[in-house]
Amino acid sequence: MLAGLCKHLTLAVPFRSLGSLFLLALLSACVQAPLKPPSEGFAAQGRVNIRSQNQANTAAFHWVASPQRDVLSLSSPLGNTLAQLTIQYQAGEIVAAQLQHGATIDVADQPEALLEQVTGLVLPVAGMRWWLRGQPDPKQPFTRGADDFEQSGWLIRASDYRDGELPYRVELSRDDLRVLVLINEWSHAAP
């Protein structure tokens with residue numbers, strides 16, 4: 001409906017009244033692209049630092065995303081693979097999560113709980129497929145601030161938009177937990 005209205009508004013008479021300001025505001029809403037899952041896939045690699053009151057962990061990560069699945073590989077600072085988490089999606093909803101660590105494979109329907117249970121890392125991976133790109137998950141309610149947004153109990157601040165499109169620094173915080181994601185490289189290649 002909004003798309004049809006936007007098409008008709010572009011043919012409107014020149015702006016001459018207070019109502020014109022309303023039409024201008026409505027037109028600006030037409031310009032904003034809707035939030036969509038990664039339709040062609042993306043990959044990001046870098047470092048993640050997770051801090052709580054009594055613990056700090058740092059890992060290198062490589063995240064490969066597509067509409068059907070995400071694969072998150074975590075490595076020690078020395079390059080040893082710690083774990084690989086695979087999240088399967090159907091119609092944008094998580095249907096399964098699998099965590100491989102060494103020769104062991106664990107399966108669950110909640111990726112965060114699985115990751116924490118096996119590795120001890122608290123990482124909100126379900127939301128991060130969106131948050132890494134500086135966007136809120138459109139299926140969950142969120143509150144936007146001046147330079148951040150709050151969703152699922154997390155405060156998310158994305159910054160360092162070097163190319164103007166994707167962030168290279170993402171900070172997540174909840175209670176006493178702080179997660180800093182520093183992205184070294186983005187790729188739009190499909191997994």
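Which residue in the turn between E4 and E5 has a positive phi? Some notes on that and on the rest of the sheet follow, bearing in mind that this is a predicted model.

1. To take the turn straight away: Ala91 is the residue with the positive phi, at about 55°. The hairpin made by E4 and E5 has two residues between its strands. E4 covers residues 81–90 and E5 covers residues 93–101; the two run antiparallel and are joined by seven bridges. If you want to check the register by eye, Gln90 stands opposite Glu93 in E5, and Thr86 has Gln98 as its bridge partner in that strand.

2. Go back one strand and you meet another hairpin, this one formed by E3 and E4, with five residues between them. Here the turn contains Gly79, whose phi is positive at about 100°. E3 and E4 are antiparallel as well, with seven bridges joining them. Leu74 has Ala83 of E4 standing opposite.

3. Now for the whole sheet. It is an open one of 11 strands, ordered E6-E5-E4-E3-E2-E1-E11-E10-E9-E8-E7, and the pairing is antiparallel. E6 (104–108) and E7 (142–144) are the edge strands; each has a single partner strand, so one side of each is left without a neighbour in the sheet. From one strand to the next, the twist averages 20°.

4. Have a look at helix H3 too, residues 111–119. This helix lies across E3, E4, E5 and E6, a set that takes in both hairpins described above as well as the edge strand E6. Relative to E5, H3 runs at about 15°.

5. On internal space: the count is one cavity of 30 Å³ or more, and its volume is about 50 Å³. Around the cavity you will find Val48, Phe61, Trp63, Leu72, Leu74, Leu123, Met128, Leu132 and Val181. What kinds of residue make up that lining: nonpolar, polar or charged? The split is nine nonpolar, no polar and no charged.

6. Which strands each supply at least two residues of the lining? They are E2 (56–65) and E3 (69–75), which sit next to each other in the sheet order. Leu74 is worth clicking on here, as this residue lines the cavity and also stands opposite Ala83 in E4. That ties the cavity back to the hairpin of E3 and E4 in point 2.

Note on methods
Residues numbered from 1 in each chain as written. Predicted model: local features only at pLDDT ≥ 70, side-chain atom pairs only at ≥ 80, totals over all residues. Heavy atoms only, no water. 1 Å grid on protein atoms, 1.4 Å probe; cavity = no way out; pocket = protein on both sides within 12 Å on 5 of 7 lines; lining within 4 Å. Points joined across faces, edges and corners; volume = space filled by probe spheres on them. Helix = DSSP H or I, 4+ residues; strand = E, 2+ residues; numbered from the N terminus. Nonpolar A, V, L, I, M, F, W, Y, C, P; charged D, E, K, R; others polar. Pairing = 2+ DSSP bridges. Axes fitted to C-alpha atoms, helices over the stretch in contact; angles between N-to-C directions. Contact = heavy atoms within 4.5 Å.
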